Amino acid sequence: MTISVLDRMSTADQLTLGNLHDEAGKVDEATLPCRANNPELWFAESPSDVESAKALCQGCPVQAMCLDGALERREPWGVWGGQLFV
């Protein structure tokens, strides 16, 4: 799946890692898969681990913000908001 930055939020929303951290801090950490599981799973090299990380993101309450921020920051790699960046 290819997602265009233009299809997502405007740059006026300034989705920094700090903002994402602040929003994530407003919910129970047990609902945040990247905090409740091994964080290295989101930067795994194994295809099965990558698919596991993507699947865990599906129920995350900050999934859309995570993905939008990663697109805006042009993250070079990892699973962000349920999508793999390479």
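Reader: Why are K54 and E51 separated by about one helical turn?

Author: A helix here is a DSSP run of H or I with at least four residues, a strand a run of E with at least two, both numbered from the N terminus. K54 and E51 both lie in helix α3, three residues apart, so about one helical turn separates them. They also form a salt bridge, with the closest N and O atoms 3.4 Å apart.

Reader: What kind of model is this?

Author: It is a predicted model, in which local features need pLDDT of at least 70 and side-chain atom pairs count only at pLDDT 80 or more, while totals for chains, interfaces and linings use all residues. Residues are numbered from 1 along each chain as its sequence is written, and side-chain values use heavy atoms, leaving out hydrogens and water.

Reader: What is the mean pLDDT of the protein?

Author: pLDDT is the predictor's confidence in each residue, from 0 to 100. The mean for this protein is 82. Of its residues, 83% reach 70 or more. Over residues 1-12, the pLDDT is below 50. Beyond near neighbours in sequence, that stretch has 14 contacts (heavy atoms within 4.5 Å) in the model.

Reader: Back to salt bridges. How many are there in the whole structure?

Author: Side chains of opposite charge can pair when their charged atoms come close. The cut-off is a side-chain nitrogen of Lys or Arg within 4 Å of a carboxyl oxygen of Asp or Glu. A search of the whole structure finds three. You have met K54 with E51. E29 and R35 make another, at 3.5 Å from N to O. R73 and E75 are also bridged, their closest N and O atoms 2.8 Å apart.

Reader: Is E75 buried or exposed?

Author: Buried means under 20% relative accessible area, exposed over 50%, partly exposed in between (1.4 Å probe, protein chains only). E75 has 17%, so it counts as buried. Its partner R73 is partly exposed at 25%. In the other bridges, K54 is partly exposed at 21%, and E51 is partly exposed at 46%. E29 has 45% and is partly exposed. R35 has 30% and is partly exposed.

Reader: Where does the charged end of R73 sit?

Author: A charge sits over a ring if NZ of Lys or CZ of Arg is within 6 Å of the ring centre and within 35 degrees of the ring normal. The charged end of R73 sits over the ring of W80, 5.3 Å from its centre.

Reader: Which residues do ring pairs link into a cluster?

Author: Rings of Phe, Tyr and Trp (its six-membered ring) pair if their centres lie within 6.5 Å; planes under 30 degrees apart are stacked, over 60 edge-to-face, the rest tilted. The whole structure has two aromatic pairs. F43 and W77 have ring centres 4.9 Å apart and planes at 70°, so this pair is edge-to-face. It links distant parts of the chain, 34 residues apart. F43 is in the loop between α2 (33-36) and α3 (47-57), and W77 is in the loop between α4 and β1. F43 is partly exposed at 32%, and W77 is partly exposed at 47%.

F43 also pairs edge-to-face with W80, at 6.0 Å centre to centre and 80° between the planes. These two are 37 residues apart, with W80 in strand β1. W80 is buried at 13%. The ring pairs thus link F43, W77 and W80 into a cluster.

Reader: What do the buried residues of α4 pack against?

Author: Helix α4 covers residues 63-73. Its buried residues include M65, L67 and L71. The buried residues pack against α1 (17-24), β1 (78-80) and β2 (83-85). Just after α4, R74 takes a positive phi of about 55°.

Reader: How many disulfides does a search of the whole structure find?

Author: A disulfide is a covalent bond between the sulfur atoms of two cysteines. The cut-off is sulfur atoms within 2.5 Å. The search finds zero. For C60, the nearest cysteine sulfur is that of C34, 5.8 Å away. For C66, it is that of C57, 6.3 Å away. C60 is buried, with a relative accessible area of 13%. C66 is buried too, at 14%.
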